[in-house]
Amino acid sequence: MRKLSRLELLELFVEKSKEVERLKAELAQANKKLEDRRLLCEQTGNIAQAALEINHIFEQCQQAADDYLASVRSAVKPGQ
């Protein structure tokens with residue numbers, strides 16, 4: 001490896017500094033995308049949980065309606 005002059009070292013340093021800044025910008029952009037996807041996953045999970053809860057409520061309502069209908073049918077027997 002040859003020795004570099006001060007000017008060459010300075011140019012190399014400036015070049016590497018620019019590369020570091022570019023990589024920092026890329027990292028920031030990737031972190032932003034990752035955060036956006038994490039939020040999307042959280043929201044999707046929340047929506048799925050809400051859908052399950054609503055489904056459970058509908059099942060309970062259907063069971064209550066079935067029970068009511070059965071009680072009405074047993075109270076009103078044909079031929080009475």
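The questions and answers below concern the shape and the charged side chains of a predicted model.

User: What radius of gyration does the protein chain have?
Analyst: In this predicted model, local features need pLDDT of at least 70 and side-chain atom pairs count only at pLDDT 80 or more, while totals for chains, interfaces and linings use all residues. Residues are numbered from 1 along each chain as its sequence is written, and side-chain values use heavy atoms, with hydrogens and water left out. The radius of gyration is taken over C-alpha atoms, and the globule rule is 2.2 Å times the number of residues to the power 0.38. A compact globule of 80 residues would come near 12 Å, but the protein chain has 34 Å.

User: What share of the 80 residues in the protein chain is buried?
Analyst: Buried means under 20% relative accessible area, exposed over 50%, and partly exposed in between, using a 1.4 Å probe and protein chains only. By that cut-off, the buried share of the protein chain is 0%.

User: Which residue meets Arg38 in a salt bridge at 2.3 Å, N to O?
Analyst: A salt bridge is a side-chain nitrogen of Lys or Arg within 4 Å of a carboxyl oxygen of Asp or Glu. The partner of Arg38 lies four residues apart from it in helix α1, so the two are separated by about one helical turn, where helices are DSSP runs (H or I, at least four residues) numbered from the N terminus. Salt bridges with shared partners also join Glu35, Arg38 and Glu42 into one network. The residue that meets Arg38 at 2.3 Å is Glu42.
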